[in-house]
Structure formats: structure tokens, C-alpha cells
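User: I am new to this structure and would like to go through it piece by piece. Could you take my questions in turn and show the reasoning behind each reply?

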Amino acid sequence: MAYVEAQKDNQARYAELTTDRMAAALQYLDGEPDVLAVGGWFGRDGGYHGCEDSVISVEPFDADAHTQRFSTSHERAHIFCAYGLSPFEQGRPCYALIYDGDIGTFCSIDENCRITRLATPVTEPGHRYSFLYELAHRDFPDDSRGWSYGVAGKLMALASLRDESHLPPAEEELMRVLLNGFDSATLRKEQLRHLPFWNGGHLDERFRRFAYKFSAALFDRFYSVAKANLRNGWPLLIAGGCGLNCDWNSKWRDSGLFEDVFVPPCTDDSGIAVGVAADAQRHFTGDAKLRWDVYAGEPFQHDVPAPEEFEVCELDYERVARLLGRGAVVAWVQGRYEIGPRALGNRSLLAAPFSKETTDRLNHIKRRESYRPVAPVCLEEEVSEWFDWQGVSPYMLHFQLVKSPKLQAVTHDDGSARVQTVNAEQNRPLYELLRAFAALTGTGMLCNTSLNYPGRGFINRMSDLARFVVERGVEAMVVDERLYVRRLRGLETDEPCEGVR
């Protein structure tokens with residue numbers, strides 16, 4: 001599978017597909033495509049809602065009818081993204097939970113890939129998250145209605161101050177509005193001026209505790225419906241932008257309702273094209289399963305030479321580990337970029353995991369809010385030593401409780417972390433670096449956050465990378481088999497590494 005995403009290569013988040021990006025995708029084809037598959041949106045193509053076969057349309061794309069144009073709904077594309085990438089063999093019945101900004105639905109998928117809608121616990125779950133964030137943030141206007149891109153995930157990060165106490169009456173009223181009376185077509189921020197948190201600041205501790213309670217209550221809506229209606233124990237597929245809620249993913253995994261739970265690494269809208277392709281392949285061939293790899297994006301572009309201020313040498317894992325141990329931040333680039341929004345070790349900023357100051361520095365480098373957590377990447381064989389977790393977590397889509405107080409840089413306010421596990425087969429270069437860091441410090445783990453400018457996709461060319469590293473004060477960068485170290489006085493001293501045994 002080849003994967004070209006509109007927002008990658010330092011393009012704006014939520015960017016539309018340009019002719020340049022389309023040309024980049026077409027270069028992976030051997031000839032003219034047999035099928036052009038398109039996912040729907042509101043009022044376009046297959047539309048946004050609908051999971052039945054009736055939303056599919058097929059028509060000739062060109063005059064000679066060589067290429068067919070296949071279109072389907074946004075909702076169905078989410079389902080088939082998770083189904084097509086899942087490890088479950090075709091024909092095995094599954095449940096699917098599709099929840100994004102607008103949709104909150106459970107479905108079943110039978111042995112013939114027929115989809116049946118089972119229940120809709122809540123509509124607009126993502127918009128409810130966004131609306132609460134907008135309500136508290138002064139930068140959002142009075143007519144806000146929860147449609148802002150990117151802020152639902154910020155509220156998920158804020159909702160980390162656990163609190164089981166009862167709500168005061170005014171907060172109870174707000175909770176009722178968010179859970180029962182929410183409709184983005186009619187509700188506006190200005191209508192809730194009389195309720196708590198209106199323009200009160202999203203960093204207020206009381207607001208963060210309310211955000212936790214809201215998130216827990218919203219999950220409970222889904223859980224109660226699942227417990228009552230999804231009784232066969234089939235595997236659960238999770239699709240849609242709310243699938244990036246690591247807290248909820250861990251709750252589904254631990255719920256005992258399902259034989260297994262799968263969340264694809266591109267569960268948000270970045271996976272829509274993947275899902276449309278899987279559905280089209282199923283339509284024309286009967287096969288809905290995709291052969292894929294999470295590192296299926298475009299290769300890095302060496303569009304300019306590295307600036308002269310960098311010392312260039314062969315990649316030496318032990319030297320990189322020493323740099324990291326002495327407090328350096330390293331921009332780490334390997335092979336093709338990852339599918340989906342998570343940096344999984346091919347377009348990453350790496351740092352030692354021990355100090356809270358490292359979290360602050362990484363957030364400063366990224367120009368993002370101070371409350372945003374930084375995720376750890378950990379040797380698969382060590383994950384149970386440091387976290388309350390058994391098994392693998394290759395896509396950084398679950399929360400784990402942190403066991404060790406020394407991992408300050410990767411521990412969120414609620415004592416959790418969003419771990420990516422790595423083994424040698426999955427990502428050999430990152431695995432070797434983690435082994436070198438473990439030999440030096442006794443800890444096979446690093447901070448891992450995405451290599452990108454604010455509001456833009458992964459950096460994917462040398463001109464952007466070198467500019468980012470210099471502008472943001474990053475000490476070194478690795479691109480495949482080359483290490484580039486900025487010529488900074490005192491960077492490589494003989495001082496011991498923090499966290500050494």
C-alpha cells in the first residue's frame with residue numbers, strides 16, 4: 001500500500017487535496033487506474049451518513065470507460081478503514097463503533113461484509129468535546145457551535161484531573177445540556193453565558209475536573225448501550241476521530257465485552273481514503289482486506305544539502321544515545337512517513353524521558369500548549385516494567401498507568417502515558433536506538449512527539465527540516481543513515497547521563 005496524505009510534507013492541517021499531491025500519489029501506479037474511489041461528505045458523492053450498500057455508486061470516470069468512479073459515504077469509509085486494516089480474517093463477524101465529530105453509532109459486520117446499524121447512543125460526540133473547549137476559551141466567538149478543527153483532542157488532554165465528587169447544580173445543568181440537549185445546528189456558545197466556565201479559561205482547575213467528568217459520562221453512554229446490545233463477544237473495530245481518545249480505547253480494551261479491540265493508526269479522517277479503497281476493492285473483487293504497513297507514506301526528500309553548520313557523519317546509535325542522555329533533542333527521520341496523525345518513529349522529535357523540563361522544552365519547540373502530554377516510545381520487552389500494561393501498543397492509541405516516578409517527562413497529570421511499543425521487526429532503527437539508550441541509562445524508552453510545525457503535517461524534506469532544527473534550537477537530526485549535529489559548544493561533554501544506573 002502507498003499512502004499520500006494532503007497535510008503531510010509540511011502542508012496545512014485539514015488541507016484539501018491539490019494537483020501536486022494527486023501527482024505524488026499517481027507516481028505509485030504502474031499505469032492508468034482501474035478505479036478512482038471517492039469518499040463522501042455533506043451533500044457530496046456518497047454523503048456523510050449511511051452504512052448500507054445503497055450509498056455506493058459506480059459510474060464511468062472517463063469517456064472510454066476504462067476507469068470506474070466508485071463513491072461511498074464518509075461513515076462507511078470509516079468502517080472499512082478499520083475493517084480493511086484489522087488483523088481479523090474476512091468473514092469473521094465484528095462489531096464497529098464509529099464516532100467522530102458528527103457520528104456516534106454501533107454497527108455489526110457479518111460474514112459477507114454486510115453492515116447493520118445497531119444503535120446510536122449519542123450524536124455529535126466530537127462536536128460536544130469541541131463545544132466545551134470553545135465555551136471556556138475566550139478566543140472563540142459567541143456563535144461557536146463545536147465545529148472547530150483540532151480542539152476536541154485538546155479537551156481530551158485537559159480532561160486528566162480525576163474527580164468523582166458530585167457536581168454543583170449549575171454544573172449539573174451544563175452537563176445535561178452537553179449530554180442531552182446538544183445540537184450544533186441550534187446551540188451556540190452565547191446561549192450558555194449564564195452557566196459555569198463561559199469564557200472562564202480552559203486551564204482553570206475546576207474546568208479541567210468538569211471536563212474529566214464530562215468525558216467519563218459520555219463514555220458511559222456508549223458503554224451502557226454496548227453492554228445491553230453487543231452480547232456476542234465479537235471483536236470491536238473503532239473508527240472515527242474519537243478513536244484517538246486513548247483513555248476510551250483502554251476502557252474498551254478492559255471492558256470484557258469484546259474478544260479483541262482494534263483501532264487503526266489512521267482512525268481519524270486521514271483514514272477515509274484507505275477505507276474508500278478497501279470498500280471499492282471489496283465491491284470489485286470481493287476482498288476487503290488490505291496488505292499494509294504503518295510506514296507506507298512518502299520517502300524523505302533531499303531537496304537541498306544540509307547547511308554547513310552541521311557536522312555530518314554516519315549514524316552511530318551510541319553517539320545519538322549519549323546526545324539524548326545529556327539533554328539534547330534529536331529530530332529523527334527514517335524511511336517513509338507514518339500513515340495517520342501519530343509520529344511512530346519515522347518523523348519524530350526524540351528526547352530523554354526523565355525530566356519535566358524536557359516536556360516543557362518539547363512543547364516550547366512545538367509551539368503548543370503547556371498542558372499537552374508527551375508520549376513515550378518503549379522497547380516492547382520492557383513495557384511491563386515501566387507501565388501497567390501487558391502486550392503490544394504499536395500505534396500509540398491507548399493509555400497506560402506509569403509505574404516509575406523517574407519518568408517525569410512522559411507522565412501526564414493523571415499518572416498515565418500514551419505508549420508506543422517497538423520491536424526489531426516493526427522498526428529496526430528506532431529499536432536499535434532504544435537499545436543503545438537502555439545500555440547507557442538502564443531505560444529503553446524515549447520521549448516521542450511528532451516532527452512538524454504547528455498546524456501542519458509531518459516535515460518531509462531537508463529544506464524544512466534544517467530550518468526547523470535551527471529555528472527551534474534542536475541540537476541534532478538523523479536522516480536514515482546520517483547523523484547531523486549542530487556545532488554547539490559543550491554539546492558533547494563527558495558529563496554522566498541523567499538516569500544512568
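**Sheets, helices and unusual residues**

Analyst: In this predicted model, strand β4 (residues 94–99) pairs with β5 in the antiparallel sense, and 6 bridges hold the pairing. Along that pairing, cysteine 94 has isoleucine 109 of β5 as its bridge partner.

User: In what order do the 5 strands of the open sheet with β4 stand, and which strands are at the edges?

Analyst: The 5 strands form an open sheet of mixed pairing, in the order β6-β5-β4-β7-β8. Each edge strand has a single partner strand, so one side of each is left without a neighbour in the sheet, and the strands in that position are β6 and β8 (261–262).

User: Which strands does α6 lie across, and at about what angle does it run to β5?

Analyst: Helix α6 lies across β4, β5 and β6. Its direction relative to β5 is given by an angle of about 30 degrees.

User: How far apart should the ends of helix α5 be, and what is the distance between its end C-alpha atoms?

Analyst: Helix α5 covers residues 169–180, which is 12 residues, and at 1.5 Å a residue it should span 16 Å. The distance between its end C-alpha atoms agrees with that expectation, being 16 Å.

User: Which residues of α5 are buried, and what covers them?

Analyst: The buried residues in α5 are Glu171, Leu174, Met175, Val177, Leu178 and Leu179. What covers these buried residues includes α3 (125–136) and α6 (205–229).

User: How do α3 and α4 stand to each other?

Analyst: The axes of α3 and helix α4 (residues 151–158) are 8 Å apart and make an angle of about 70 degrees. In their contact, Gly126, Tyr129, Ser130, Leu132 and Tyr133 of α3 meet Val151, Ala152, Lys154, Leu155, Met156 and Leu158 of α4. By class, this contact has 8 nonpolar, 2 polar and 1 charged residues. From the angle it follows that α3 and α4 are therefore roughly perpendicular.

User: Is cysteine 113 buried or exposed, and where is it found?

Analyst: Most residues other than glycine have a negative phi. Cysteine 113 is not a glycine, yet it has a positive phi of about 65 degrees, and it is found in the loop between β5 (104–109) and β6 (115–119). Its relative accessibility is 4%, which under the 20% cut-off makes cysteine 113 buried.

User: What is the relative accessible area of asparagine 10?

Analyst: Asparagine 10, also not a glycine, has a positive phi of about 65 degrees, and its place is in the segment before α1 (19–26). Asparagine 10 is buried, and its relative accessible area is 9%.

User: In what order do the 8 strands of the other open sheet stand, and which are its edge strands?

Analyst: The pairing is mixed, and the order is β9-β18-β17-β10-β11-β16-β12-β15. The strands that pair on one side only are the edge strands, β9 (310–314) and β15 (420–422).

User: Which residues stand opposite alanine 331 and valine 333?

Analyst: Strand β10 (residues 330–333) has Val330 and Trp332 pointing one way and Ala331 and Val333 the other way, and all are buried. β10 pairs with strand β11 (residues 347–351) in the antiparallel sense over 4 bridges, while 4 bridges also join β10 to strand β17 (residues 476–479), running parallel. Opposite alanine 331 in β11 is leucine 349, and opposite valine 333 in β17 is valine 479.

Note on methods. Residues numbered from 1 in each chain as written. Predicted model: local features only at pLDDT ≥ 70, side-chain atom pairs only at ≥ 80, totals over all residues. Heavy atoms only, no water. Helix = DSSP H or I, 4+ residues; strand = E, 2+ residues; numbered from the N terminus. Expected span 1.5 Å × (residues − 1). Buried < 20%, exposed > 50% of the residue type's maximum accessible area, 1.4 Å probe, protein only. Contact = heavy atoms within 4.5 Å. Pairing = 2+ DSSP bridges. Axes fitted to C-alpha atoms, helices over the stretch in contact; angles between N-to-C directions. Parallel < 35°, antiparallel > 145°, perpendicular 65-115°, else oblique. Nonpolar A, V, L, I, M, F, W, Y, C, P; charged D, E, K, R; others polar.
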